[in-house]
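I opened a fresh page for this structure. My plan was to look up the open space first, then the enclosed space, then the packing and the backbone.

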Amino acid sequence: MTALDAELPTDTTGMVRIPGGAFRMGSDRHYPEEAPARRVKVDGFWIDEAPVTNRQFRAFAEATGHVTFAEIPPDPKDYPGALPHMLQPGSLVFSPPARVASLRDWSQWWTFKFKANWRRPYGPGSSIKGLDDHPVVHVAYSDAEAYAAWVGKALATEAEWEFAARGGLDDAEFAWGDEFTPAGRHMANTWQGAFPQENTKEDGWARTSPVGAYPPNGYGLYDMIGNVWEWTADFWSTRHPADAPKACCVPQNPRGGPEAASYDPAQPAIRIPRKVLKGGSHLCAPNYCRRYRPAARHAEPIDTSTSHVGFRCVSRG
């Protein structure tokens, strides 16, 4: 058994069986990293009906004594050139600025806060009191993997995740169809207003929402779009492989690119692998990040945790 595999857990409570099949993965209509759209196949699998919650992650932490990546001081050897005073435990927290000079500079609204972690999602003085049913956040890739192993599951591949998110709608724009807000109804926890300084909260939530607050997709899965980005098992690649030239050659259970190709070329001295995130979050907005779609994808270093990234698990068998 490889690290990717997971035997069928004895308890599939809170999971949904996905039948598997062929679908068109990716999109040629949006961001370049989603292209080219191509036909792929996945085997059947089970997937959590919602992201892992604070209640579930607390049970894991208490049972195992797990300490998350955000609670551990960074190793200076992994971050050459880092300022010594920055090598403290912490995580990235979204803080809406009063004004922005350019939407190209994300540092205007993301702050690395010391002592921010899953228990203190907005830094010292904050807590998850009253947020038991909200997705756990500030989890790095290793934290998601550790939780999955504890419950006898795994993290989805990008193809599995996207197939599940589509809910049986093969080439629809969104997980629920081709209209973002059908009849004016918000179908996912996303950003309304001019990101990042204006959030009108038309959907009722400024940050995360309880899992299941929005309608499920066609497979009965909640929050596959919006609320929090979700980790997958695949290494990042800047584009999908080309479509198979013949029906006989459609990839079965495809995987992402090699680890070496996932490193950030903008930081050549830091060799931290990146994984694929899927689903968008409550910070995705029409004027900035139209990634509230099944085909959307984003690169995330495995050592990075934030206030808008969580995960769910799968089981194959």
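**Entry 1: the largest pocket.** I started with β9, which gives 5 residues to the lining of the largest pocket, the largest share. I kept in mind that this is a predicted model. The space in this pocket comes to about 1,600 Å³. I found 45 lining residues, with Leu92, Trp106, Gln267, Pro301 and Thr304 nearest the centre. Three elements give two or more residues to this lining: β5 (90-94), β6 (110-114) and β9 (297-301). I then sorted the lining by class and got 27 nonpolar, 11 polar and 7 charged residues.

**Entry 2: the second largest pocket.** I read a volume of about 300 Å³ here. The lining has 18 residues, and Gly14, Ala50, Pro51, Thr53 and Gln56 are the closest to the centre. By class I noted 8 nonpolar, 5 polar and 5 charged residues.

**Entry 3: cavities.** How many cavities of 30 Å³ or more does the whole structure hold? The search returned 3. The largest cavity has about 100 Å³ of space. Its lining includes Trp176, Met187, Tyr214, Leu221, Met224 and Ile225. Asn217 and Asp223 are also among the lining residues. The class split is 10 nonpolar, 1 polar and 1 charged.

I went on to the second largest cavity, at about 70 Å³. Among the residues lining it are Asn54, Trp118, Tyr122, His134, Thr208 and Ser307. I counted 7 nonpolar and 4 polar residues in this lining, and no charged ones.

**Entry 4: a helix pair.** I checked how α1 (residues 54-64) and α2 (residues 141-150) pack. The angle is about 80 degrees, and the axes lie 11 Å apart. Angles from 65 to 115 degrees count as roughly perpendicular, so that is the label for α1 and α2. On the α1 side, the contact uses Gln56, Phe57, Ala59, Phe60, Ala63 and Thr64. On the α2 side, I listed Asp143, Ala146, Tyr147 and Trp150. By class this contact has 7 nonpolar, 2 polar and 1 charged residues. I also noted Gln56 again, since it is one of the residues closest to the centre of the second largest pocket.

**Entry 5: aromatic pairs.** I got a count of 23 aromatic pairs. I picked out Phe94 and Trp110, which form an edge-to-face pair. Their ring centres are 6.0 Å apart, with 70 degrees between the planes. Phe94 sits in strand β5 and Trp110 in strand β6, so the pair ties together parts 16 residues apart in sequence. Both of these strands also appear in the lining of the largest pocket.

**Entry 6: backbone exceptions.** Most peptide bonds are trans, and most residues other than glycine have a negative phi. I looked for departures from this.

- The bond from Ala35 to Pro36 is cis, with omega near -10 degrees. I placed Pro36 in the loop between β2 (21-25) and β3 (38-42).
- The bond from Phe195 to Pro196 is cis as well, with omega near 5 degrees. Pro196 falls in the loop between α3 (158-166) and β7 (229-235).
- Which sign does phi have at His138? I found it positive, about 60 degrees, although His138 is not a glycine. His138 belongs to the loop between β6 and α2.

Methods:
Residues numbered from 1 in each chain as written. Predicted model: local features only at pLDDT ≥ 70, side-chain atom pairs only at ≥ 80, totals over all residues. Heavy atoms only, no water. 1 Å grid on protein atoms, 1.4 Å probe; cavity = no way out; pocket = protein on both sides within 12 Å on 5 of 7 lines; lining within 4 Å. Points joined across faces, edges and corners; volume = space filled by probe spheres on them. Helix = DSSP H or I, 4+ residues; strand = E, 2+ residues; numbered from the N terminus. Nonpolar A, V, L, I, M, F, W, Y, C, P; charged D, E, K, R; others polar. Axes fitted to C-alpha atoms, helices over the stretch in contact; angles between N-to-C directions. Parallel < 35°, antiparallel > 145°, perpendicular 65-115°, else oblique. Contact = heavy atoms within 4.5 Å. Phe/Tyr/Trp six-rings, centres within 6.5 Å; stacked < 30°, edge-to-face > 60°.
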